[in-house]
Amino acid sequence: MERLKKFTIAGILFVLATGTLAHFLYGWTGNNAIAGLFVPVNESIWEHMKLLFFPMVLYSLLILPIFQEEYPCIASSLSFGILVGTILIPVLFYVYNYILGKDIFILDIGIFIVNTVIAFYLAYKFTLSCKLKPYSSLLFALAMIFFLCFILFTYQPPNLKIFAAPEKVAGSIESIHIIKGVTSVLK
């Protein structure tokens, strides 16, 4: 268990470092189309979800062979962590934008850090408890759908606010309607 905890902390640091570097990679590569499939190509919330998703997928692929035998639930747990961490990025962004009425760069960074910690914490806890094992196929399928959507929507995004740059969304009537819709569904 101690070894898994160390790899979990290493995973957090890995995702924070590679996610931060990934933010700049598209520009550094001269807007390389292949790099753009895995790193943000613009400042939209959707593209910034890649900062957690792809580094955590990569780290998961690296540690699965190490821990799969000892912890048979690690694959489902990592899939769950990836999904929750990724989905929380737009949720927290739109919630704080609704409350404050504007986008604040330091809060965006905080969301990335907090979501990375949450994603790995959940993966660690569920790896130990094995409660997600019955849902392995579903969680993997959902992660694959996200993967495919990131690839597909990088250069052909739908006409939705999550794919627009934050300047066009923050504090707007549309973002207020999004938050009201989410909160009404949760009630």
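Which residues does Thr8 touch, not counting residues up to four places away in sequence? In this predicted model, the partners of Thr8 are Phe120 and Tyr124.

## Thr8 and its surroundings

Let's start with this one threonine. Thr8 belongs to helix H1, which covers residues 2-28. With a relative accessible area of 13%, Thr8 is buried, because buried means under 20%.

The side chain of Thr8 also has a polar partner to look at: one of its polar atoms lies 2.8 Å from the backbone oxygen of Leu4. Phe120 and Tyr124, the residues that Thr8 touches once those up to four places away in sequence are set aside, will come up again in the next section, and so will Leu4.

## The cavity

How many cavities of 30 Å³ or more does the count come to? There is one, and the space in this largest cavity is about 60 Å³. Its lining is made up of Leu4, Phe7, Thr8, Tyr59, Ile63, Ile74, Leu78, Phe120, Ala123, Tyr124 and Thr127. Two or more lining residues come from each of H1, helix H3 (45-67), helix H4 (74-100) and helix H5 (105-129).

Which element gives the largest share of that lining? H5 does, with four residues. Sorted by class, the lining has nine nonpolar residues and two polar ones, with no charged residues. Thr8 is thus a good place to begin a tour in your viewer: Thr8, Leu4, Phe120 and Tyr124 are among the residues that line the cavity.

## Aromatic pairs

Now for the rings. Across the whole structure, a search finds 21 aromatic pairs. One of them joins Phe54 and Phe147: the ring centres are 5.6 Å apart and the planes meet at 70°, so this pair is edge-to-face, the class for planes over 60 degrees apart. The pair links distant parts of the chain, with Phe54 in helix H3 and Phe147 in helix H6 (residues 136-155), 93 residues apart.

Are Phe54 and Phe147 buried or partly exposed? Phe54 counts as buried, at 10% relative accessibility, whereas Phe147 counts as partly exposed, at 26%.

Both rings also belong to a wider group. Ring pairs join Phe54 and Phe147 with Phe38, Trp46, Phe53, Phe146, Phe150, Phe153 and Phe163 in a cluster.

Notes
Residues are numbered from 1 along each chain as its sequence is written. This is a predicted model: local features need pLDDT of at least 70, side-chain atom pairs count only at pLDDT 80 or more; totals for chains, interfaces and linings use all residues. Side-chain values use heavy atoms; hydrogens and water are left out. Buried means under 20% relative accessible area, exposed over 50%, partly exposed in between (1.4 Å probe, protein chains only). A polar contact is a pair of N or O atoms within 3.5 Å; within protein, one must be able to donate a hydrogen and the other to accept it, and residues adjacent in sequence count only if both atoms are side-chain atoms. Contact means heavy atoms within 4.5 Å. On a 1 Å grid over the protein atoms alone, a cavity is a set of points where a 1.4 Å probe fits but cannot get out, and a pocket is an open set with protein on both sides within 12 Å along at least five of seven lines; lining residues have an atom within 4 Å of a point. Grid points are joined across faces, edges and corners, and a volume is the space filled by probe spheres set on the points. Ala, Val, Leu, Ile, Met, Phe, Trp, Tyr, Cys and Pro count as nonpolar, Asp, Glu, Lys and Arg as charged, and the others, Gly among them, as polar. Rings of Phe, Tyr and Trp (its six-membered ring) pair if their centres lie within 6.5 Å; planes under 30 degrees apart count as stacked, over 60 as edge-to-face and the rest as tilted.
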